[in-house]
Amino acid sequence: YDMDYLGGSRRTYFTRNGIHHCARQLPNGNYIMGSSSFFGSVENVIVEVSAQTGKPVKTLVMDDLFDDYYQNWKDWAHVNAVDYRESDHSVLISLRNVHAVIKVDWETFELQWILSNPAFWEQTGMRDKVLEPVGEVTWFYQQHAACFQEEDEEEGGTRILLYDNHWDKRRKAECFDGDEEFS
């Protein structure tokens, strides 16, 4: 539903595989949202829906971006947030069940980087996409609601904001589960 702040529905869209957690309006008026493929996985898709027709115009399946190391259960990725940045046509995607926030070029679908504890990705073919931490980092787990903040030209990077659940860790992560501070 496209609703105003008072709860009035301006338009209703039917998305065949539903949406999960979030929808953002793009500069072109379309909406980008998390969804499911139902081809062995759920909550593993980002779809752009036309604001005019309600039909999908672009679909990105997480299964196509990642090797199969963690694709070992139905809800392996669990997309729960997507945000768009116009300056470089990229999307920021929160993947709760692999403890990662990723950046993808929305025009080419190229995975640009993974923000996550590098130890969690050591055994995968994706380890070269994981950002290298600078200094000591307390990592997030089961995060939600990742979004772009401002670009920091002085620091040469981008700030993002995310909500860290940090307690409901459905997929075991040895790099976290043994941490006395959070157990």
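The following exchange covers two sheets in a predicted model.

Biologist: What is the order of the open sheet that has β7 and β10 at its edges?

Modeller: The pairing in this open sheet of four strands is antiparallel. Because β7 (79–85) and β10 (111–115) each have a single partner strand, one side of each is left without a neighbour in the sheet. Neighbouring strands here are turned by 20° against each other on average, direction ignored. The order is β7-β8-β9-β10.

Biologist: Which residue of β10 is the bridge partner of V101?

Modeller: Strand β9 covers residues 100–105 and pairs with β10 in the antiparallel sense. Four bridges make up that pairing. For V101, the bridge partner in β10 is L115.

Biologist: Which strands stand at the edges of the sheet with the order β3-β4-β5-β6?

Modeller: This is an open sheet of four strands with antiparallel pairing. An edge strand here has a single partner strand, so one of its sides is left without a neighbour in the sheet. The strands in that position are β3 (23–25) and β6 (56–61).

Biologist: By what angle are neighbouring strands of the β3-β4-β5-β6 sheet turned against each other on average?

Modeller: The sheet is open, and its four strands pair antiparallel. With direction ignored, the average turn between neighbouring strands is 20°.

Biologist: Which residue in β4 does A23 stand opposite?

Modeller: Strand β4 spans residues 31–35 and runs antiparallel to β3. The two are joined by three bridges. Opposite A23, in β4, stands M33.

Conventions:
Residues numbered from 1 in each chain as written. Predicted model: local features only at pLDDT ≥ 70, side-chain atom pairs only at ≥ 80, totals over all residues. Heavy atoms only, no water. Pairing = 2+ DSSP bridges. Axes fitted to C-alpha atoms, helices over the stretch in contact; angles between N-to-C directions.
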